[in-house]
Amino acid sequence: KEQSERKRGPAIPAGVEKTTFLKALDELSGQLGKENVEINDQPLKDGWYMEHPNTHDAMHVLDEEELVASAVVYPGSTEEVQKIVLWANKYKIPIFPISIGRNLGYGGAAPRVRGSVVIDLGRRMNKILDINPVDHTCLVEPGVTFYALYEEIQRRGYKHLWIDCPDLGGGSVLGNTLDRGIGYTVYGDHWACHSGLEVVLPTGELIRTGMGAMANSSSWQIFPYGYGPMADGLFSQSNYGIVTKLGMTLMRNPGGHESYLYTFPNEEDLAPLVDIIRPLRIGNILENVAQLRHVVQAIAYSGKPRSSYFQGEGQMTDEQVREIARKELKYGDFTWLYYGMSYGPKEIRQYKLDIIHKEFLKIPGARRIDPATLPKTDYFWSRDRIATGIPDLEELQWVNWYPNGGHIAFSPVSPVRGPDATELWRMARSRAAEFGHDIFPAFCVGLREMHLIVECVFNRDDPDSRKMALACMRAMIDEAASKGYGEYRTHLVLMDQIAKTYNFNDHALMKFNERIKDTLDPNGILAPGKSGVWPARYRGRGWEM
Ligand code: ADP
């Protein structure tokens, strides 16, 4: 979708005169080169996943001109990032770093504060600095995507190295890891698998974490802790620094793998199934992030809109959805789908697969689908690729469920227990029904916890549809919080609300975060409001939403 004209004109940062801002941009052009400083005054283009914008959120749940950049700048080195930070301090201009900016569903490339200068690190800082085939590690700049890392490993012929990628492979390894994204091999917890950061602080100093704090370290990518307080956590989901290098561990090719898919017939199978999954997952018989998906999402993978199946109003019932699934998919009658992968040579896999089969079949009507019966276009094969660390793009098909689809997610964390799964499922389902909407829920079991990811698709062109999606998300967040469930990650627009739910001892953690923010970023220039952390200059002045 492409705007015909900008309704509100360029977004100048609040509190800065337009002429001062333009003069400051000229000064920055002098330092970075004119071609690396772009004012954002043209009509906004949403593009699509591969040609995503770096000026705003292509999946905007607010009016598209609300969270927009005033300008986008392209540093080519860590030194240039430092120059930008010093420049922002001089003029008190808010800056917002992105790596690739494909953080769809969480805000894309949009800054939290309208008129911030977006620092697009990925455009020019996109080098794979090291792939170490002996230690099984790599060191990457912000612009390295999962695709790029995968392809370079293939190009070098390192058959023994695997990467781990999320559902969509076009994002930045560094950006996804900082936002605590997950993938689907044994190395799915990206943050847990990183080792070492290089960070430009909001005042322009440069630090390296872990063993990298030793100038001639031999072990930066293999021992994440280093010595003394571990600072890394401060730079994840935060606004305390701009990360310019990330060390990542790589998985060893396990010497064989086999995907499996089980279906379960009834909605009520959820609770006993989750109780079966828990010990298998903690015991590493289920080896990767376990995904339990609902039938409605399975249909939507086809990429066909809801209107091609159903013309009625309101949320579709399980019965309606199952009937479509019976006709459209080759999986028989089902409500839940479990996609998993077993790793290792045949005899090792077989040992685990036999246990899984015996346990899953305790659910009456459970079936294992024979992959040989599935065409190569079946979504099963997309999950198969992803669980072996091969990047893929199929996942987004379901945004076509509603016309002109954007999406936003509600992602609460809970214990891996039947009653918790049922409670969250019931809550998400009934809240969405109140708003007359279908949702796409998937349970992802990390190890001892699971997140229920509830994707809500809305029509970006329809203000009522956007309002509905946001109100629906807000209602779910509040209800979940009242029962002790908090989100693991969220969209820019929901950050303040979620930060407030982390309220132990009169919001003591937020007070601590604010103290760190004010110490590290006295002028409050770096990503103000990210994760609900506002610097002193903005705090309590109406910026929260
Ligand atoms: P993706 O890799 O999926 O394209 P983004 O580049 O949009 O994701 O980054 C995801 C999130 O991480 C955003 O909230 C962004 O602000 C933050 N982020 C990305 N890169 C950096 C960085 N180099 N330093 C600090 N924060 C970053």
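## Around the ligand

In this predicted model, 21 residues surround the ligand. Ser99, Arg102, Ser172, Val243 and Lys530 are the closest. By class, nine residues of this shell are nonpolar, nine are polar and three are charged.

Some polar contacts can be picked out. In the side chain of serine 99, an N or O atom lies 2.7 Å from a nitrogen atom of the ligand. Backbone atoms take part too. A polar backbone atom of isoleucine 100 is 2.9 Å from an oxygen atom of the ligand. For glycine 101, a polar backbone atom is likewise 2.9 Å from a ligand oxygen. How much of the ligand's accessible area does the protein cover? On its own, the ligand has 550 Å² of accessible area, and the protein covers 95% of that.

## Where the shell comes from

Which elements give two or more residues to the shell around the ligand? They are β3 (95-98), α4 (173-178) and β10 (242-249). Helix α4 gives the largest share, with four residues.

The shell can also be sorted by domain. Domain 1 (18-120) supplies at least three residues, and domain 2 (128-252) also supplies at least three.

## Valine 85 in helix α2

Now look at helix α2, which spans residues 78-91. Valine 85 sits in this helix. Is valine 85 buried or exposed? Valine 85 counts as buried because its relative accessibility is 1%, and the cut-off for buried is under 20%.

Next, compare its place in the chain with its place in space. Valine 85 and isoleucine 95 are 10 residues apart along the chain. Their C-alpha atoms are separated by 8.0 Å.

## Strand β13

Strand β13 covers residues 290-294. Why is β13 described as largely enclosed by the rest of the structure? Five of its five residues are buried, so the description fits. Take the strand one face at a time. On one side, Ala290, Leu292 and His294 are buried. On the other side, Gln291 and Arg293 are buried as well.

Strand β13 pairs with β14 (residues 336-343) through four bridges, and the two run antiparallel. Four bridges also join β13 to β18, again in an antiparallel arrangement. Glutamine 291 shows both pairings. Its opposite residue in β14 is tyrosine 339. In β18, glutamine 291 faces cysteine 444.

## Strand β18 and its hairpin

Strand β18 runs from residue 440 to 445. How many of its residues are buried? Six of its six are, and the strand is mostly covered. Phe440, Ala442 and Cys444 are buried on one side. Pro441, Phe443 and Val445 are buried on the other.

Strand β18 also pairs with β19, which spans residues 449-459. Six bridges join these two strands, which run antiparallel. Together they form a hairpin, with three residues between them. Valine 445 ties the picture together. Its bridge partner in β19 is methionine 450. In β13, alanine 290 stands opposite valine 445.

## Putting the strands in order

Follow the pairings from one strand to the next. Start at β14, which is joined to β13 by four bridges. From β13, four bridges lead to β18. From β18, six bridges lead to β19. Each of these pairings is antiparallel.

Conventions. Residues are numbered from 1 along each chain as its sequence is written. This is a predicted model: local features need pLDDT of at least 70, side-chain atom pairs count only at pLDDT 80 or more; totals for chains, interfaces and linings use all residues. Side-chain values use heavy atoms; hydrogens and water are left out. Buried means under 20% relative accessible area, exposed over 50%, partly exposed in between (1.4 Å probe, protein chains only). Two strands pair if DSSP finds at least two bridges between them. A residue is near a molecule or strand if one of its heavy atoms lies within 4 Å of it. A polar contact is a pair of N or O atoms within 3.5 Å; within protein, one must be able to donate a hydrogen and the other to accept it, and residues adjacent in sequence count only if both atoms are side-chain atoms. Accessible areas come from the Shrake-Rupley method with a 1.4 Å probe; for residues, only the protein chains shown count as cover. Ala, Val, Leu, Ile, Met, Phe, Trp, Tyr, Cys and Pro count as nonpolar, Asp, Glu, Lys and Arg as charged, and the others, Gly among them, as polar. Domain bounds come from an automatic or database domain assignment.
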